[in-house]
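Here is a quick tour of two ligand sites and one residue worth a look. Have the viewer open and follow along.

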Amino acid sequence: LSGFEGKHLISIDKLSNDELRGLLDLSKKYRDVYGRGSSVDPIAAPKPLTGKSVSMIFQKRSTRTRVSTETGTSLLGGHALFLGPSDIQLGVNESMRDTASVLSRFNSIILARVFAHSDITELAKYATVPVINALSDMHHPLQTLADLMALEDHFGDLRGKTLAWVGDGNNVLHDLMLGGAKLGMNIRIATPKGYEENADVLATTRKLAAENGTEDVFRTTVAAEAVKGSDVVVTDTWVSMGQEAEYEKRVKEFDGYQVNASLMKQANPGAVFLHCLPRHPEEVSDEVFYSEQSLVFPEAENRMWTVMAKPNMPNIFFTQENFVLAF
Ligand code: CP
Ligand code: NVA
């Protein structure tokens with residue numbers, strides 16, 4: 001992973017294939033050392049973030065991102081500060097630029113969940129420490145790292161596997177299509193008309209698909225067409241944070257896009273289901289969500305191992321024996 005230390009994590013396409021591979025491998029090593037079942041004494045486990053702090057700016061709610069980052073930072077010996085919408089001057093009395101400059105003088109990392117993606121790029125432009133995008137209206141790269149880790153745990157090499165997205169063409173889809181293509185997965189997408197993924201992200205994914213030898217991205221408005229022949233079926237809420245006023249309209253327009261047992265029958269035998277959570281029954285039935293095919297809870301757990309891997313500092317590395325040395 002050499003060379004990645006100190007870089008921002010803004011979206012998956014900004015990672016080289018080697019960086020993506022490195023982050024996924026490192027996440028698994030963090031799990032080996034800090035996870036349940038590790039033979040490493042938690043007291044003896046290295047604390048490479050000792051004396052370091054992470055500011056976590058949250059303009060929206062969060063369970064997984066907040067708790068995984070706070071817990072992961074504390075396992076590594078650091079301190080994470082939760083800065084909710086009414087905790088700091090940002091957005092009321094202070095700009096993103098000034099916030100970036102000030103927090104960079106206190107913290108080793110700034111993680112931020114924002115509405116407009118331009119807030120993340122502004123933060124990254126002016127921060128002098130690494131910035132981690134913890135979800136914007138366009139991207140959710142931490143989620144993709146966790147998803148790909150769950151899929152590799154289940155399938156091993158993902159090259160040639162087919163991932164079908166059913167539902168809204170949103171932030172979670174964007175990074176997943178970019179990351180899936182980078183790992184050699186075929187991408188199939190079904191969204192209702194008017195809810196397609198961003199055209200630039202689609203173009204980038206098509207380019208990555210060609211570079212990584214996968215099939216071209218397949219698009220449709222028919223859920224069963226996307227799911228047919230797939231190994232992974234993924235969905236997300238139909239109403240992302242900030243879109244609450246569109247709830248009624250969206251639920252109507254997404255009629256027919258629920259992932260349920262009959263839709264899953266179109267997928268390949270052994271296909272699995274993913275959802276970033278939080279989940280609502282309209283987009284996925286209980287039968288699928290709580291089935292053997294569903295990887296949603298390991299996927300959620302991986303949010304911690306993957307966020308721990310991102311703040312990789314130059315002073316931490318792993319030996320052949322999977323043991324961490326910090327110095
Ligand atoms: N998947 C995810 O980002 O969950 P939270 O909104 O709870 O952080
Ligand atoms: N697409 C959802 C993801 C939540 C983790 C949202 O943006 O609200």
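## Ligand 1 and its polar contacts

A polar atom in the side chain of Gln 143 sits 2.9 Å from a nitrogen atom of ligand 1. Keep in mind as you click around that this is a predicted model. Ser 62 also has a polar side-chain atom by this ligand, 2.6 Å from one of the oxygen atoms of ligand 1. Then there's Arg 303, with a side-chain N or O atom 3.0 Å from an oxygen atom of ligand 1. How much of ligand 1 does the protein bury? On its own ligand 1 exposes 260 Å², and 96% of that is buried by the protein.

If you want to select the whole neighbourhood, ligand 1 is surrounded by Ser 62, Thr 63, Arg 64, Thr 65, Arg 113, His 140, Gln 143, Cys 276, Leu 277 and Arg 303. As for where that is, the space ligand 1 takes up is the largest pocket.

## Ligand 2 next

Which residues are around ligand 2? Pull up Leu 135, Asn 170, Asn 171, Val 172, Asp 236, Thr 237, Ser 240, Met 241 and Leu 277. Leu 277 may ring a bell, since Leu 277 is also among the residues surrounding ligand 1. The space taken by ligand 2 is likewise the largest pocket.

Now for the polar side chains. Asp 236 puts a polar side-chain atom 2.7 Å from a nitrogen atom of ligand 2, and the side chain of Ser 240 has an N or O atom 2.7 Å from a nitrogen atom of ligand 2. Asn 171 deals with an oxygen instead: a polar atom of the Asn 171 side chain lies 2.8 Å from an oxygen atom of ligand 2. Taken alone, ligand 2 has 270 Å² of accessible area, and the protein covers 94% of it.

## A look at Thr 235

Thr 235 belongs to strand S8, which runs over residues 232–235. Is Thr 235 buried or exposed? Thr 235 counts as buried, because its relative accessibility is 0% and the cut-off for buried is under 20%.

What does the side chain of Thr 235 reach? The backbone oxygen of Val 166, at 2.6 Å. Val 166 is also one of the residues Thr 235 touches, along with Trp 165, Gly 167, Val 259, Phe 273, Leu 274, His 275, Cys 276, Glu 283 and Val 284, leaving aside residues up to four places away in sequence. Cys 276 links back to the start of the tour, as Cys 276 is one of the residues surrounding ligand 1.

Technical notes:
Residues numbered from 1 in each chain as written. Chains lettered and ligands numbered in written order. Predicted model: local features only at pLDDT ≥ 70, side-chain atom pairs only at ≥ 80, totals over all residues. Heavy atoms only, no water. Helix = DSSP H or I, 4+ residues; strand = E, 2+ residues; numbered from the N terminus. Buried < 20%, exposed > 50% of the residue type's maximum accessible area, 1.4 Å probe, protein only. Polar contact = N/O pair within 3.5 Å; in protein donor to acceptor, adjacent residues only side chain to side chain. Contact = heavy atoms within 4.5 Å. Near = heavy atom within 4 Å. Areas by Shrake-Rupley, 256 points an atom, 1.4 Å probe, with all protein chains shown as cover. 1 Å grid on protein atoms, 1.4 Å probe; cavity = no way out; pocket = protein on both sides within 12 Å on 5 of 7 lines; lining within 4 Å. Sits in = over half its atoms within 2 Å of the grid points.
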